[in-house]
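Let's walk through this protein together, one region at a time. Keep the viewer open and follow along as the residues come up.

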Amino acid sequence: MSGIASATAWSLVHFLWQGTLVGLVTGGLLSLLERRRASTRYALAAGALLVMAALPVLTALQLAPLQVETLPAAPAAVQQNAGIQPASGNAGIVPAASPPQTFGGSLLPWVLGLWLAGVAALSIYHLGGWRFARRLSGRGRPAGDAVAALARELCRRLGIRRAVTFLESSSISVPMVVGWLRPVVLVPASAFTGLSPAQLEAILAHELAHVRRHDYLVNLLQTAVETLLFYHPAVWWVSAQIRRERENCCDDLAVAVCGDRLGYARALVDLEGLRSTPRLALAASGGSLADRVRRLVGAAPGRPSRRFFAAGLLALALLQAGAAVQLACAHDSAKDTSSAELKAPRDPATRHGRWKATSDGRAVRLEMTYRKAGWGSWTSIDDYPIRELPGFSAGSDVRYELRRDAGTFRFRGGFDGKRGRGTVAFTANPAYAKIMDLPVSSDRLMELAIQDVSFDFTREMKELGLADPAPAKQAGNGSPFAFLRDLVDSRRSDSLADRLVQLRVHRITPEYVRGMRESGYLRLEAWQLVELRIHGIEPEYVKGLAATGYRQLFPYRIVEFHTHGIIPEWLRGIVEAGYANATPDQIISLHVHAIDGDFIRKAQAQGYRGLRPEQLIDLRVQGKVRA
């Protein structure tokens, strides 16, 4: 199977337990909210269905990078045009045997095929229902003037501004709504004789409530989710709760408009038995009529349907079945890995993943994706000179390496001269962790290797005091960016590794730290350096501020100056004009109002002397200083 097809099939399998959990949580919450407003329960059920729809997509996107396939060999001409020599072999890497077909892998084509067949069958069924509903609206004839006048009044009271067409039809037995952009309300001819004017008004109010709430569009989306996830009973149960609460919401709106709860309930009872409604139409007879009437008259709710308990039992069975399938597939994956490519032992110091690469003949853009120990994956994308990837070449069985102090990445796959993909294994360097005194996981060591946190980098940072295993305690000096301290200087067992990675990621080099110290900042912590680097602040900028007299500012003040575009030359003009003691906030206010040294000198020449910064701002705003 292709990578996309495999990821899709696996997402369908994972949804067995994911959908069950969402359904069980939704059922519990709906039970707790039984006495709450129908709109609240409707929003909860709709949100649950939205989560169900998103879970397979997110799972497939999560798995897709790991389902890549090895590319075929490239023609010799392509290899030569790319400027890359064919591989001559790599010692120390054992060729891989073809991976055996596993139990889980053999089921995936069947899973995908049956799912596609089910989706196709339901799509045809719903398409037929949609065409039937459209045919009904096409056969209708305009309703009488009395109905049209009543409908216009109801639209006004419900706040509906869209044009709604009302048609009379002898092919239906209950009123219903068809369409969303141009909604059509179909009224059965029998309604004019079987219902009183007040009852007809109540039923029409219910249908117009569907129009106001855009329920037809929601119903279409709901039907699409049911079609795509048809195999899971929890989806159908949640969808049924949506339809039930939708009718309750429309009942509440109809009662609010008509003001007669008992009369509306009697109108619903008169519609009993008239329930031949197309799937994609919305009618007043939808939902459980008995439950709706009990709710309207304030009676105790009926006993839960046995279908709920049957769906719950089936959902629990699916949960166990999904878990069993996953365990079986995980077992097969473990057996497959023992004879798969790279022959790497599954020890804590080795991590396995996938790679994709593109090259222009001089450098390689390399994307590596690894599964984390728990949920999710970890992806790195970076550019490397070809010289840093010994063994990199074009061919159908390319093997090359990326060597770092923290460990070595060993790649295998296919490369056609421009693009390639395959598998990668990272083996941590135990000496690195020991010498660095880093009690960290292989995932963290792999990140240290990706960021090229070398022995030399760590040694220099330790000498500068930024790699101390015991981070300094500091309140943050009131910085609004103090959350960075928790990010960089955490107290976890691998906080040193976190700090080193953050310093490397933000290009905080020993030279940068020394430059800041030369500017007068001798004891900046790692998180403060990250704060400055994120905002593009270089040591030269800080030195320029210090030369004007604004030295030893808190780092967040330097960030504010830089963000507002305050440059040392402008600040020097303010100081020379007699405002060397202005506070940072006053300096920022002066800059915001475009007050510079020239403006201050003009004001002084016109007699405005000894003014506070706030008074200078008033002069600027009022335009009292002549040019």
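Which residue in E2 is the bridge partner of Arg141? The answer is Glu168. Before following that pairing further, please keep in mind that this is a predicted model.

Arg141 and Glu168 bring us to two strands. Strand E1 covers residues 141–142, and E1 pairs with E2 in the antiparallel sense over 2 bridges. E2 also has a partner in strand E4, residues 184–188: here the two run parallel and are joined by 5 bridges. If you would like a place to look in that second pairing, find Ser169, which stands opposite Pro188 in E4. Strand E2 itself spans residues 165–169, and 4 of its 5 residues are buried, so the rest of the structure largely encloses this strand.

Now zoom out for the overall picture. The protein has 627 residues, and 47% of them count as buried. Its secondary structure comprises 25 helices and 11 strands. Among the contacts with a separation of 6 or more, 66% are between residues 24 or more positions apart. On the outside, the protein exposes about 31300 Å², with carbon and sulfur atoms supplying 57% of that area.

Next, go to the interior. In soluble globular proteins, nonpolar side chains tend to be buried together. Here the largest nonpolar core has 78 residues, and within this core Met368 and Phe409 touch the most other members. Leaving aside residues up to four places away in sequence, the residues that Phe409 touches include Met368, Tyr370, Leu402, Val424, Met446 and Ile450. Glu401 is also among the residues touched by Phe409. There is a second, separate core of 25 residues, and Val185, Leu208, Ala254 and Tyr264 are among its members.

Phe409 comes up again when we turn to aromatic rings. Together with Trp355, Phe392, Tyr400, Phe411, Phe415 and Phe426, Phe409 forms one aromatic cluster. A pair of aromatic rings is described by the distance of the centres and the angle of the planes. The protein has 12 aromatic pairs. One of the pairs is Phe15 with Tyr231, an edge-to-face arrangement with 6.3 Å centre to centre and 75 degrees between the planes. This pair links distant parts of the chain, as its two residues are 216 residues apart. Phe15 sits in helix H1 (residues 3–32), while Tyr231 belongs to the loop between helix H8 (215–228) and helix H9 (233–258).

Are Phe15 and Tyr231 buried or exposed? Phe15 has a relative accessible area of 0%, so this residue is buried. Tyr231, in contrast, has 24% relative accessibility and therefore counts as partly exposed.

Another place to visit is helix H14 (residues 442–450), where you will find Arg444. With a relative accessibility of 15%, Arg444 falls under the 20% cut-off and so counts as buried. Arg444 and Asp498 are 54 residues apart along the chain, and their C-alpha atoms are separated by 8.1 Å.

Finally, a word on confidence. The pLDDT averages 76 over the protein, and 72% of the residues score at least 70. Over residues 273–280 the pLDDT stays under 50, and the model has 28 contacts beyond four places in sequence for this stretch. The pLDDT is also below 50 over residues 469–494, a stretch with 51 contacts in the model beyond near neighbours in sequence.

How values were computed. Residues numbered from 1 in each chain as written. Predicted model: local features only at pLDDT ≥ 70, side-chain atom pairs only at ≥ 80, totals over all residues. Heavy atoms only, no water. Buried < 20%, exposed > 50% of the residue type's maximum accessible area, 1.4 Å probe, protein only. Helix = DSSP H or I, 4+ residues; strand = E, 2+ residues; numbered from the N terminus. Pairing = 2+ DSSP bridges. Core = buried A, V, L, I, M, F, W, Y, C linked by side-chain atoms within 4.5 Å. Contact = heavy atoms within 4.5 Å. pLDDT = per-residue confidence, 0-100. Areas by Shrake-Rupley, 256 points an atom, 1.4 Å probe, with all protein chains shown as cover. Phe/Tyr/Trp six-rings, centres within 6.5 Å; stacked < 30°, edge-to-face > 60°.
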